[in-house]
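Please open the structure in a viewer and keep the selection panel at hand. The stops below are meant to be followed in order.

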Amino acid sequence: MSVREPFIRIQGVSKHFGEVTAVDDLSLDVYQGELFAILGGSGSGKTTLLRLLAGFEQPSAGRIVIDDVDMTDLPAFERPLNMMFQSYAVFPHMTVEGNIAYGLKKESMDKAEIASRVDEMLALVRLSDFRHRKPHQLSGGQLQRVALARALIKRPKALLLDEPLAALDKRLREHTQFELMNLQDELGVTCILVTHDQEEAMSLASRIGVMDGGQIVQTGTPTEMYEYPESRFVAEFFGTTNIFEGVVRDIGEATIRVHTDACGTLDLAFDLAFDMDAEPGITVGSRVWIAVRPEKISMSERAPVGGPSLRGQILRLGYYGNYSTYRVKLDTGEVLQVSEQNRARRQARAHDRQGHVYLSWDAKSAILLRR
Amino acid sequence: MRPKRHFIVMSLAFGYAFLYVPIFLLILYSFNDSRIPTIWNGFSLRWYASLLDNQQVIDAALLSLRIALVSATAATVLGTLSGLALAHMDKFRGRLVFTALIAAPLVMPEVITGLSLLLFFISSEAMIGWPAQRGALTITIAHITFSSAFVAVVVQSRLAALDRSLIEAAMDLGGRPFAVARDITLPLIAPAMLAGWLLAFTLSLDDLVIATFVSGPGASTLPMLIFSKVRLGVAPDVNALASLVIVIVGLGVLVAGFVMRRRQVGESHPTSATDPPHVVA
Amino acid sequence: MKAYKQRARLWRAFVIRLPYLWLLLFFLAPFLIVFKISFADPVLAQPPFTPLFDWTQAGWGVLQATLDNYRFLVSDNLYALSYLKSIWVAAISTLLCVLLGYPMAYGIARARPDVRFILLLLVILPFWTSFLLRVYAWMGILSTKGLINNALLALGVIDEPLQILYTDTAVFLGIVYSYLPFMILPLYATLERLDIRMLEAASDLGARPMTVFWDVTFPISRPGIIAGCLLVFIPALGEYVIPALLGGLDSLMIGRQLYDEFYANRDWPLASAVASILLVILVVPMMLLSRYQRAAA
């Protein structure tokens, strides 16, 4: 199904608002059937990018091509894209049915055809019984389904979603998330969603692009983003991570040796995704950063045999039921975050606050970062 | 907390009595049979009856109504456009001046507005011969000018409270700008336009000072007639007229208030996640 | 393809320009004319002033300005007194409005929602009914044969009727009565948004009720107080109807001076000068108002 020919091509797009550059010479390809998430903090330019795609803003430079048609100069009402707004923007003075039919009516479609498409859509989002209701009589989740149905009914080439889960409470979010994914599977529509919430992006998207300062800093699958970040920014955006600065001391066949003030000298092992060819410019003496995820660190009361380990003391622990987190102060003064699954039901605490603990991790689990 | 609460309740009671007792007394004494308005001499409808015979009062009332209808309608059109410009058009040349021109009529002392418009009409007549005479037309123009500012404020605050993504959503679904204005914007600001129209209508009916300045010989509005009658003291038939006007307008406002309240309660469930419940002035 | 853009531009131009031009023509231009005429000489003609520009044959406008009107305003202290008296009357009335309006607005804001709606409607209602007629209603109450005097005489409190109508007291009463809603509404708007939990937090931190009021409620409602004061002060300063109906012949309010200068003395340039100075006095409060209204809204 997936033709590896980009379906949506954003080519060198910039957008300036007076002095401010919201989107800065950004290029991005999205493939057909993908659920692509644009992830970024506030002010990263992600919302502007979405609005450029929808046609609410005109780019200052660059082109936007969808399915081989240049959309750059088309206004919003002529683009084959539909959007689900963060506020849902359900028309308060129209019924559920009226809202869903609106897009087709603007196409001057035949009445009977509209009616059957609306019926089909109402059934798809399970709102058939609510068709004559006004928006103020609906719950948040129902409003969201109206907004979704309204955007899908025109069978757009791509569906744009602006923070689709942000307005829902936690319980509803999980439910809606699966519903959205099922619907996307079923219809096969290409989706681009914008969010500031890394969990939302990781759980929904097949591919993620992280935005910062108006540019996409890295794209990849959720796993790639988490396990193989290319910068400290991305590493810190996805989950918690321990990062320490160091200097490359030696580059070997399969390992690279880095000296850090925080943890002394560490060896990192190359693996498939991290190969030296992709990282030119790393030479002996380069300044680098090492990132280690808390769950990759193992902790024991006794120094492990046959391998390096770091000695420290537990400062604090947080118990979350299924797992616990620890803040461990190393002898060097550096504080690391460690997390551990609580595999067994135990009476006593797993680790003692008084005595020393020893931390170690697989040489393949540490991430070497240039930026 | 106790004495403070007491004080507040007393203030409310005194304040509302202060606002309403004079009006009730006025209405009560409009049914007084006596020629001396402040001495109660028994119930009578004679002053109401005498109003019906007074062609001068009827003419003035009709003129006032005509001016109010025309000026409120024109002011609603102009004011809605102003409200749109202020709320939806972020940048244009002279926006600051425009904003000031909308804000100024709301607080400008009437003597100044009246004087300046009169001198304007006179100068314009001297220069281009228009307006040939002052009267209903000049009063209407004056009323359109200041009430359009009031309408603009009411419409603008409604537009500001609207979720702008409603308009974008309609465009996103294929609505061309004109269709979006007709399908979405207009129905959503219609209550504000109605409130603005009512406001403009009552402002026009009520205006004395500006009308006095810009009117010409022969055109006397109801407030002008009343003013000339009461300048010299209380007149019993004015009591009757005043009571009629106050009761009709008051009932109208009460009904409108309750109707809007019910609509508001109906809509105050979040229509969309970021649309705050709107307030109609 | 670009047709829609052109139409959008046309629509935009229409939306902005129609009301803009209207206001420029019928609001701004008249002020400039007033300002211009205030520099002209009065003559006994129709219109009774000399033109400020004389169009010579060369087509050049020759400026004929005179400062006589302003000189006269300064030399005759009748006008200075009128301005001062107006400011005084407006200021005292504004103060009275705050004193009465603040507790009322506070009470309305703290009332149950359904009661609050009715209380609020009752404040707005007089604003919609005729201003002139509401002022007129006081004439019957205050006159020497009016209700107050009749009641006091009947009760034996006084032997002679009091002269209340046609005094400054009546003017104060009339202004407070007419403009009280303008004070209450912005005050209510700020007080209504006051988070009750903030007051609880303050008392939780050990503040007594009056201290809570002065430390939290009052500062938060300050934009409302200022907006309300300006909304009363500005129109009260130029008020004509109230002093004309309720005030004495000697009540030297500037709005009345302007009216008399214009109609009784037919000295239009002088009336224009009076208006221009009044406008200058009002510029600062008006600018303050637009700032605080934005803050209070």
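The tour goes through two domains of one chain and then a single tryptophan. Note before starting that this is a predicted model.

**Stop 1: the two domains**

Select residues 1–37 of chain C and colour them as domain 1, then select 68–296 and colour them as domain 2; these are the bounds given by the domain assignment. The C-alpha centres of domain 1 and domain 2 of chain C are 34 Å apart.

**Stop 2: where they meet**

Display the residues of chain C that are in contact across the two domains: 4 belong to domain 1 and 8 to domain 2. Together the two domains of chain C bury about 390 Å², and carbon and sulfur atoms account for 68% of that area. On the domain 1 side, pick Val34(C), Phe35(C) and Ile37(C), which supply 84% of the area this domain buries against domain 2, more than any other three residues.

Which classes of residue does domain 1 of chain C present to domain 2? The touching side has 4 nonpolar residues, with no polar and no charged ones. A search for salt bridges across this interface of chain C finds 0. The count of residue pairs in polar contact between the two domains, both at pLDDT 80 or more, is also 0.

**Stop 3: Trp22(C)**

Now select Trp22(C), in helix 1 of chain C, which runs over residues 3–37. Is Trp22(C) buried, partly exposed or exposed? Its relative accessible area is 22%, so Trp22(C) is partly exposed. Leaving aside neighbours within four places in sequence, show what Trp22(C) contacts: Leu78(B), Ile141(B), Ile144(B) and Thr145(B) in chain B, and Phe27(C) in chain C.

Key
Residues are numbered from 1 along each chain as its sequence is written. Chains are lettered from A and ligands numbered from 1 in the order in which they are written. This is a predicted model: local features need pLDDT of at least 70, side-chain atom pairs count only at pLDDT 80 or more; totals for chains, interfaces and linings use all residues. Side-chain values use heavy atoms; hydrogens and water are left out. Domain bounds come from an automatic or database domain assignment. Contact means heavy atoms within 4.5 Å. Buried area is the accessible area (1.4 Å probe) that two parts lose on being put together, summed over both. A salt bridge is a side-chain nitrogen of Lys or Arg within 4 Å of a carboxyl oxygen of Asp or Glu. A polar contact is a pair of N or O atoms within 3.5 Å; within protein, one must be able to donate a hydrogen and the other to accept it, and residues adjacent in sequence count only if both atoms are side-chain atoms. Ala, Val, Leu, Ile, Met, Phe, Trp, Tyr, Cys and Pro count as nonpolar, Asp, Glu, Lys and Arg as charged, and the others, Gly among them, as polar. Helices (H or I, at least four residues) and strands (E, at least two) are DSSP runs, numbered from the N terminus. Buried means under 20% relative accessible area, exposed over 50%, partly exposed in between (1.4 Å probe, protein chains only).
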